[in-house]
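Subject: Structure for your review

Hello,

Here is the structure I said I would pass on. My notes on it follow below.

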Amino acid sequence: MEQNLVKVKVWDIPTRVFHWGMLCSLAGLWWTADAGEMEWHQILAYGLMVLIGVRLIWGIIGSETARFSHFVRSPKTVINYLAQTKRDGISASVGHNPVGGYMVVTLITLVCVQLVTGLFATDEIFTEGPLYSLVSSDTASWLTWLHKKNFDLILILAAVHVLAVGIHMIKGDKILGAMFSGYKKLPESKVAAINADELAFASVIKAVVIAAVIGALVVNYLMLPVIDML
Ligand code: HEM
Ligand code: HEM
């Protein structure tokens, strides 16, 4: 039976800014590494570090749909979700679905690994990450190798992620528009079953304050020394 659809806000501004900001940063990091623009590579990486830092904290004290506790579900929930999807087809979720939640955690973890390994990486010519001298040259070479291989993994998983988004779109679950607008259209019956706490949104000002604190530290200790070299 056709059901009326109701427009519901699911993603707050910080989550959306994080997602599209991260996508643009990753594209820029890839390009700068290929073009050998290593100062810009580092500056962009530090910008992404601020985005990731805010997202990790937002995953604990941010809006409900952005919290890890909301979308990192038990294996049993994942199995039930898969069985239900097999039976009834793909349907819209409030926030990430139980499978998507694990992909989100994986992608964020890989980007963190990329940032941390970058801090120790060297191109053996002009550029060294700021923590390079803390480790032996063998360890730095290994971390540089990991920095390269991990990026390949990010590209592969990002492709799987985009494919999954495409499949949801084809099946009528318009998740792409939601990552831009923040709103999803959900069937009335699903909206009626939503617990009010599930759609509690934290103040954007809180995210701005967190970003300002992390930003000030990153700019002062990491970004300014690179800008001085430009
Ligand atoms: C053109 C490329 C991309 C598109 C169209 C896209 C689209 C989306 C969409 C629609 C969602 C929401 C999924 C849902 O409703 O559950 C999402 C979430 C997410 N995507 Fe992407 N994505 C792209 C690239 C990437 C890349 C390159 C990464 C990182 C490597 C990434 C990481 C994430 C993460 C971490 C989330 C969860 C957001 C959060 O909760 O903060 N995406 N993406
Ligand atoms: C998430 C953030 C980052 C991404 C996506 C990224 C991406 C990349 C990519 C794609 C390469 C080229 C790999 C190859 O040649 O196959 C690269 C190289 C490199 N990156 Fe990053 N990077 C990030 C963060 C950083 C950071 C924070 C630093 C240091 C401050 C850094 C320093 C380097 C150096 C020194 C190389 C050169 C390695 C070489 O040419 O031998 N990266 N990065």
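A residue counts as buried if 20 or more other C-beta atoms lie within 10 Å of its own, as exposed if 12 or fewer do, and as partly exposed in between. Valine 219 has 15 C-beta neighbours inside 10 Å, so valine 219 counts as partly exposed. Please keep in mind throughout that this is a predicted model.

Valine 219 is found in helix 9. Its C-alpha atom is separated by 8.5 Å from that of glycine 47, although the two residues are 172 apart along the chain.

Overall layout

The protein chain contains nine helices and two strands. Read from the N terminus, the order of the elements is β-α-α-α-α-α-α-α-β-α-α. The C-alpha trace spans about 65 × 35 × 30 Å along its principal axes. The chain has 230 residues, and 25% of them count as buried. Among the contacts with a separation of 6 or more, 73% are between residues 24 or more positions apart.

The two strands

Strand 1 (residues 5-9) and strand 2 pair in the antiparallel sense, over five bridges. One of the pairings joins lysine 9 to tyrosine 183, its bridge partner in strand 2. Strand 2 covers residues 183-187; Lys184 and Leu186 form its covered face, while Tyr183, Lys185 and Pro187 are on the uncovered one.

The nonpolar core

The largest nonpolar core is made of 20 residues. Within this core, Ala45, Leu48, Met49, Leu51, Ile52 and Val54 have the most contacts. Helix 1, helix 2, helix 6 and helix 9 (204-229) each give two or more residues to this core. Helix 2 has the largest share of it, at ten residues. Beyond its neighbours within four places in sequence, alanine 45 is in contact with Leu29, Leu115 and Gly118.

Surroundings of ligand 1

How many residues surround ligand 1? There are 23, and the closest are His96, Val104, Ala158, Ile175 and Met179. Two or more residues of this shell come from each of helix 1, helix 5, helix 6 and helix 7 (175-181). Helix 1 gives the most, with six residues. By residue type, the shell around ligand 1 divides into 17 nonpolar, five polar and one charged.

Surroundings of ligand 2

Around ligand 2 there are 22 residues, of which Ala33, Ala45, Gln114, Gly118 and Gly129 come nearest. Alanine 45 is thus among the nearest residues to ligand 2 and also among the residues with the most contacts inside the largest nonpolar core. At least two residues of the shell are supplied by each of helix 1 (13-35), helix 2 (38-61), helix 5 (98-120) and helix 6 (137-170). Helix 5 gives the most to this shell, with five residues. The shell around ligand 2 has eleven nonpolar, nine polar and two charged residues.

Helix 6 and what flanks it

Helix 6 has 34 residues and reaches 49 Å from its first C-alpha to its last, close to the 50 Å expected at 1.5 Å a residue. Its buried residues are Ala140, Leu143, Thr144, His147, Phe151 and Ile154. These buried residues pack against helix 5.

Histidine 168 also lies in helix 6. Because 19 other C-beta atoms lie within 10 Å of histidine 168, this residue is partly exposed; the buried class would need 20 or more. Apart from its neighbours within four places in sequence, histidine 168 is in contact with Ile90, Asp173 and Ile175. Ile175 is also one of the closest residues to ligand 1. Histidine 168 and threonine 122 are 46 residues apart in sequence, and their C-alpha atoms are 40 Å apart in space.

Two backbone angles are worth a look in the viewer. Just after helix 6, glycine 172 takes a positive phi of about 90°. Glutamate 124 has a positive phi of about 60° although it is not a glycine. Glutamate 124 lies in the loop between helix 5 and helix 6. It has 11 C-beta neighbours inside 10 Å and therefore counts as exposed.

Regards

Technical notes:
Residues are numbered from 1 along each chain as its sequence is written. Chains are lettered from A and ligands numbered from 1 in the order in which they are written. This is a predicted model: local features need pLDDT of at least 70, side-chain atom pairs count only at pLDDT 80 or more; totals for chains, interfaces and linings use all residues. A residue is near a molecule or strand if its C-beta atom, placed from the backbone, lies within 6 Å of it. Helices (H or I, at least four residues) and strands (E, at least two) are DSSP runs, numbered from the N terminus. Ala, Val, Leu, Ile, Met, Phe, Trp, Tyr, Cys and Pro count as nonpolar, Asp, Glu, Lys and Arg as charged, and the others, Gly among them, as polar. The expected span of a helix is 1.5 Å times one less than its number of residues. Two residues are in contact if their C-beta atoms, placed from the backbone, lie within 7 Å. A nonpolar core is a set of buried Ala, Val, Leu, Ile, Met, Phe, Trp, Tyr and Cys residues joined through C-beta atoms within 7 Å. Two strands pair if DSSP finds at least two bridges between them.
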